[in-house]
Amino acid sequence: MSSTKAVLIIGGSGFVGTHLALKLRESYKVFATYHSRQISIPGVTFLPMNVTNQNWVKRIVYTAQPDVIVYAAGSNSFELAEAEPREAERIHTGGPATASNASEIFQSKFIYLSNGYLFDGHRGNYHETDTVLPYIAIGKAKLGGENYIRGRSLNYIIVRSSPVFGRGNGRRLSNLDYLRIKLSKNERIELYGAELHAHIHVSALVGLIARLVDSGPRNKTLHYGGLTKMTDIDFARAFAKRFGFNSDLIHPGRNAPKKWSGESSIPDFSLNSTQVSESLNVKPLLLEESFDLLEKELIPSS
Ligand SMILES: NC(=O)c1ccc[n+]([C@@H]2O[C@H](COP(=O)([O-])OP(=O)(O)OC[C@H]3O[C@@H](n4cnc5c(N)ncnc54)[C@H](OP(=O)(O)O)[C@@H]3O)[C@@H](O)[C@H]2O)c1
């Protein structure tokens, strides 16, 4: 492994991006971008970037001259994308296209973070070979990004991940931070819980991406997630039980989005990780195993 490899994390100030920067700085020269929230991490060079500004993206890419780009920009929230589908398209489709074009000259490896919303949610446990049929805005925007990368990049990996959880970066609270704070204050919590996912601790996804930065297959789409699928409500209750909070504080909240109200069953967006497990020896985790990783994050050993 070359210790001088340069990695550019687009969306480095975000939840996944921060965890990734903390991991990769051990072995690489790491550049990370922020958009509206500047943060600093020792050993990581942060640069401002708006992916909708093509000239600026080019300048940043030329500054970093990256061997590898990890595209981790934009929110993973389907609700935000439903509210602003054009913006979601600009970030999840236009952004990767711009960044991949700008990096052509450096022949950078392009790792694009995608999700399970590309599927219709009728079956769950989706494999890489299953047909994608997104019907919500974030899934459509992600598919646009994936298609561009697959069609244009000569060296890419697309990682479709289940929702990941963990602590935020100190500057911005993660969903789990909000949950933990509310539970610790004994406050009632209302959650939207009308989708099934196989949540996984963020360090597991970061570990996979770190492997892909340096090795692994080329020009492939990979699925990664946990082994225990549940709704966000059941996830929150399981978290409360495991970490000694009162799970009775957690209640179903808002109604399902209009597009799903006609569905007879809960959409299941879980992903099957067999390919990653067999080809890269990266284990998908049971929820309890992810909670073990979270426990280490919450209570670091002295
Ligand atoms: N979190 C998950 O469970 C999960 C699962 C699967 C896939 N993913 C994918 O991983 C990526 C990151 O997710 P996340 O949860 O880390 O999201 P996040 O915490 O909301 O972070 C989003 C990042 O994108 C940046 N950003 C927003 N608008 C931008 C723009 N116009 N130009 C440049 N950068 C912009 C943000 O910068 P500022 O904060 O500085 O504004 C931040 O660094 C997303 O593409 C998501 O779909 C996430």
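The radius of gyration used here is taken over C-alpha atoms, and the globule rule sets it against 2.2 Å times the number of residues to the power 0.38. With 302 residues, the protein chain should have a radius of gyration near 19 Å if it is a compact globule, and its value of 19 Å agrees. The model you are looking at is predicted: local features need pLDDT of at least 70, side-chain atom pairs count only at pLDDT 80 or more, and totals for chains, interfaces and linings use all residues. Residues are numbered from 1 along each chain as its sequence is written.

## The chain as a whole

Along the principal axes, the C-alpha atoms of the protein chain fill a box of roughly 55 × 50 × 40 Å. The protein chain has ten helices and eleven strands; helices (H or I, at least four residues) and strands (E, at least two) are DSSP runs, numbered from the N terminus.

Burial is counted with C-beta atoms placed from the backbone: a residue is buried if 20 or more other C-beta atoms lie within 10 Å of its own, exposed if 12 or fewer, and partly exposed in between. Buried residues make up 46% of the 302 residues in the protein chain. Contacts are pairs of residues whose C-beta atoms, placed from the backbone, lie within 7 Å. Of the contacts in the protein chain with a separation of 6 or more, 75% are between residues 24 or more positions apart.

## Strand β5 and its partners

A good place to start a tour is β5 (109-115). Seven of the seven residues of β5 are buried, so β5 is largely enclosed by the rest of the structure. In a regular strand the side chains alternate between the two faces of the sheet. Both faces of β5 are covered, with Lys109, Ile111, Leu113 and Asn115 buried on one side and Phe110, Tyr112 and Ser114 buried on the other.

Pairing of two strands requires that DSSP finds at least two bridges between them. The table sets out two pairings of β5.

| Strands | Direction | Bridges | A bridge pair |
|---|---|---|---|
| β4 (residues 68-71) and β5 | parallel | four | tyrosine 71 and tyrosine 112 |
| β5 and β6 | parallel | six | isoleucine 111 and isoleucine 157 |

## Helices α5 and α7

Helix α5 (residues 137-152) has 16 residues and reaches 23 Å from its first C-alpha to its last, close to the 22 Å expected at 1.5 Å a residue; the expected span is 1.5 Å times one less than the number of residues. The buried residues of α5 are Ala137, Ile138, Gly139, Ala141, Lys142, Gly145, Glu146, Tyr148 and Ile149. Among the elements that cover them are α3 (78-83), α4 (85-102), β5 and β6 (156-161).

Lysine 140 also sits in helix α5, but counts as partly exposed because 19 other C-beta atoms lie within 10 Å. From lysine 140 to isoleucine 91 there are 49 residues in sequence and 12 Å in space, C-alpha to C-alpha.

The 13 residues of α7 should span 18 Å at 1.5 Å a residue, and the 19 Å between its end C-alpha atoms agrees. Buried in α7 are Val202, Ser203, Ala204, Leu205, Val206, Leu208, Ile209, Leu212 and Val213. Glycine 216, just after α7, takes a positive phi of about 90 degrees.

## Two asparagines with positive phi

Most residues other than glycine have a negative phi. Asparagine 186 has a positive phi, near 55 degrees, and lies in the loop between α6 (175-184) and β8 (189-191). Asparagine 186 counts as exposed because it has 9 C-beta neighbours inside 10 Å.

Asparagine 219 likewise has a positive phi near 55 degrees, and its loop is the one between α7 (202-214) and β10 (220-224). With 14 other C-beta atoms within 10 Å, asparagine 219 is partly exposed.

## Around the ligand

A residue is near a molecule if its C-beta atom, placed from the backbone, lies within 6 Å of it. There are 25 residues around the ligand, of which Gly11, Gly14, Phe15, His35 and Ser36 come nearest. By class, this shell has eleven nonpolar, 13 polar and one charged residues. Here Ala, Val, Leu, Ile, Met, Phe, Trp, Tyr, Cys and Pro count as nonpolar, Asp, Glu, Lys and Arg as charged, and the others, Gly among them, as polar. Both α1 (15-24) and β5 supply at least two residues of the shell, and α1 gives the most, with three.

Conventions: Two residues are in contact if their C-beta atoms, placed from the backbone, lie within 7 Å.
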